[in-house]
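Got a model on screen and wondering where the labels come from? Let's go through a few of them and check each against its cut-off.

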Amino acid sequence: MKNIAVIQDTPNFDVAAVRRHFPALSRTVRGKPLSYLDNAASAQRPLRVINAVDDYERHHHANIHRGVHTLSQEATALYESARDRLARFINARSRAEIIFVRGTTEAINLVAQSFARSSLKVGDEVLITHLEHHSNIVPWQMVCEQTGAKLIVAPIDSRGDVPADAVISLMSQRTKIFACAHVSNALGTVLPVKRLVEAAKSRGITTLLDGAQAVSHLPVDVQDLGCDFYAFSGHKMYGPTGVGVLYGREQLLERMPPWQGGGEMILQVSFEKTTFNGLPNKFEAGTPNISGGIGLGAAVDFITSLDRDAAHAHESALLDYATRTLSSIPGLVIVGTAPHKTSLVSFTVEHVHPHDLGTILDEEGVAVRTGHHCAMPVMDYFKVPATARASFALYNTFEEIDRLAAGIHRARKMLS
Amino acid sequence: MELDDLYRDVILDHNRSPRNFGGLEPADARAEGFNPLCGDRLTLRLRMAHDKIEEIRFEGQGCAISTASASLMTEAVKGKTRAQALRLFEDIHALLTDDGATGGDDLGKLAALSGVREYPARVKCASLCWHTLAAALGGHAATTGAAPAAAVASVSTE
């Protein structure tokens with residue numbers, strides 16, 4: 001299991017130094033050092049994020065966009081500067097295109113209930129793929145139910161890859177919306193999104209990409225991708241929970257009706273008529289998660305302070321090493337072997353239920369996700385009730401993968 | 001808390017060779033349990049003689065804790081009356097959730113489940129079969145007034 005000799009340190013990437021940014025990584029679990037391999041569910045936070053939130057809470061908290069007093073102005077400036085950094089981070093054309101939401105789920109629901117609900121008609125089609133997270137399935141099912149539109153599901157193949165031709169062949173004149181993951185949360189597959197978006201656009205189909213699993217691993221440029229909407233969450237990119245972003249093309253956002261009504265999203269209210277605020281506030285009713293937004297801005301600073309190419313090379317090396325190490329374990333089957341993946345390995349082990357494996361690994365200090373990963377159709381496709389999933393972040397090490405493998409060996413010995 | 005206290009020999013044995021595993025024809029009552037958290041599914045079938053559980057079998061897929069718990073349960077409730085079985089359910093529930101509870105005097109092999117208490121995320125694995133049994137017995141009771149038709153109930157732990 002020790003393949004130390006073949007491990008090349010990634011140039012320009014000092015993983016020990018990166019780990020020092022993350023206080024949680026130095027704790028122990030059940031007497032063992034923590035190996036946190038559940039990053040696709042939620043990544044740990046660096047000091048930069050923790051400190052930004054702490055500083056705001058201690059010194060600058062007030063409601064934003066409402067007061068003329070100093071604290072309100074400071075809070076507003078911090079929050080809005082986070083929006084600016086997020087706009088740059090994904091290369092949006094303007095800050096008006098960055099809508100703060102609770103997370104990817106809320107972003108997709110916003111598009112479904114505002115854009116889709118007001119435009120879909122009976123007989124129209126919404127196209128998704130078979131590997132979507134429940135949050136990119138259920139909002140579309142709901143709006144199809146409300147409008148009489150039909151949900152169409154494009155197939156995946158036995159490697160968990162999404163054949164672009166098969167998806168494109170399902171795009172027709174009836175297709176009004178195409179929504180898919182940029183990266184699959186259950187399998188790690190990177191979808192051919194650029195090609196799919198291009199094909200959709202040429203047919204006049206509105207496109208949404210679920211970027212929850214992509215933003216921490218891949219550079220995302222929404223103008224290059226060409227999509228109409230891009231949704232992502234803060235906590236999967238080293239930021240806080242309860243905050244995320246819906247990017248939308250400004251022209252589209254302008255045309256869309258507000259989703260929720262309340263404060264912040266209005267210009268003028270009387271009992272006869274309300275005039276809605278402009279972008280992005282039109283979609284941000286109520287007092288938002290201010291500290292979350294500020295923390296997310298700090299997460300962008302953290303990511304962009306790193307050599308992203310080197311970080312990506314390190315994550316790719318982790319994926320290669322984990323794939324090789326785990327494949328050599330008898331009875332272990334990797335679920336999802338697409339040629340283009342992010343650093344995530346989903347797997348089953350003969351005679352060992354994922355839930356038992358999760359408990360046994362936890363005893364070794366190794367945190368993995370076990371279950372259906374909110375992607376039950378993916379589990380059905382591969383005919384497994386659940387898998388174990390080790391998902392790596394830029395701070396993970398080869399030694400942690402060795403510990404994962406040792407834990408799997410222990411579980412096999414115990415249960416078979 | 002040691003892992004060996006969760007995966008005791010009795011549990012490992014019943015996981016490897018579950019007792020009373022498979023279908024049952026004819027059956028008076030059937031119930032299905034589903035734990036959406038982990039995807040565990042369990043089908044329980046009962047044959048009653050008067051008020052006693054004459055035969056009970058289960059099938060499905062689940063983790064070691066869920067499989068062993070179901071296997072141990074079928075052994076424990078066979079021959080018991082409906083009321084006795086439901087009382088045992090209460091004892092097991094206490095054993096799995098109450099600190100310090102012994103779960104009654106006479107749990108026998110079922111006492112091996114007490115290690116689960118220290119793993120809150122796994123309590124549902126051990127209790128799924130018991131909730132399913134309660135549903136099956138409830139369903140049975142609901143139809144005993146009429147001709148003995150198969151009762152179907154389903155239970156979900158979330």
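What follows is a set of questions and answers about the labels used for this predicted model.

Residues are numbered from 1 along each chain as its sequence is written, while chains are lettered from A and ligands numbered from 1 in the order in which they are written. Since the model is predicted, local features need pLDDT of at least 70 and side-chain atom pairs count only at pLDDT 80 or more, whereas totals for chains, interfaces and linings use all residues.

Q: Why is A:Arg410 called partly exposed?
A: The label comes from counting C-beta atoms, placed from the backbone: 20 or more others within 10 Å means buried, 12 or fewer means exposed, and in between is partly exposed. A:Arg410 has 16 others within 10 Å, so partly exposed is the label. This residue sits in helix α14 of chain A; helices here are DSSP runs of H or I with at least four residues, strands are runs of E with at least two, and both are numbered from the N terminus.

Q: How far apart are A:Arg410 and A:Leu361 in sequence and in space?
A: They are 49 residues apart in sequence and 8.7 Å apart in space, going C-alpha to C-alpha.

Q: What makes α12(A) largely enclosed by the rest of the structure?
A: Nine of its ten residues are buried, so the description follows. Among them are A:Pro354, A:His355, A:Leu361 and A:Glu363. Just after this helix, A:Gly365 has a positive phi of about 85 degrees.

Q: Which helix gives the largest share of the side of chain A that touches chain B?
A: Contact means that two residues have C-beta atoms, placed from the backbone, within 7 Å. That gives 13 residues from chain A and 15 residues from chain B. On the chain A side, α12 (354–363) and α14 (398–415) each supply at least two residues, and α12(A) has the largest share with five.

Q: How does the side of chain A that touches chain B break down by class?
A: Ala, Val, Leu, Ile, Met, Phe, Trp, Tyr, Cys and Pro count as nonpolar, Asp, Glu, Lys and Arg as charged, and the others, Gly among them, as polar. On that scheme this side has six nonpolar, five polar and two charged residues.

Q: Why is the largest nonpolar core said to lie between two domains of chain A?
A: A nonpolar core is a set of buried Ala, Val, Leu, Ile, Met, Phe, Trp, Tyr and Cys residues joined through C-beta atoms within 7 Å. The largest one has 165 residues, and A:Val111, A:Val245 and A:Leu246 touch the most other members. Domain 1 (4–33 + 307–415) and domain 2 (50–304) of chain A both give residues to this core, so it lies between them; the bounds come from an automatic or database domain assignment.

Q: What does A:Val245 touch?
A: Leaving out residues up to four places away in sequence, A:Val245 touches A:Leu86, A:Ile98, A:Ile99, A:Phe100, A:Val101, A:Ala107 and A:Phe232.

Q: How many residues of domain 1 of chain A are in contact with domain 2 of chain A?
A: 19 residues of domain 1 of chain A are in contact with 19 residues of domain 2 of chain A. On the domain 1 side, α13(A) gives the largest share, three residues. The C-alpha centres of these domains lie 29 Å apart.

Q: What are the values for A:Glu264 and B:His50, and which labels do they earn?
A: A:Glu264 has 18 other C-beta atoms within 10 Å, so it is partly exposed. B:His50 has 7 C-beta neighbours inside 10 Å and therefore counts as exposed. Phi of A:Glu264 is near 75 degrees, positive in a residue other than glycine, and B:His50, not a glycine either, has a positive phi of about 55 degrees. A:Glu264 is in the loop between α9 (250–255) and β11 (266–269) of chain A, and B:His50 is in the loop between β2 (40–49) and β3 (52–61) of chain B.
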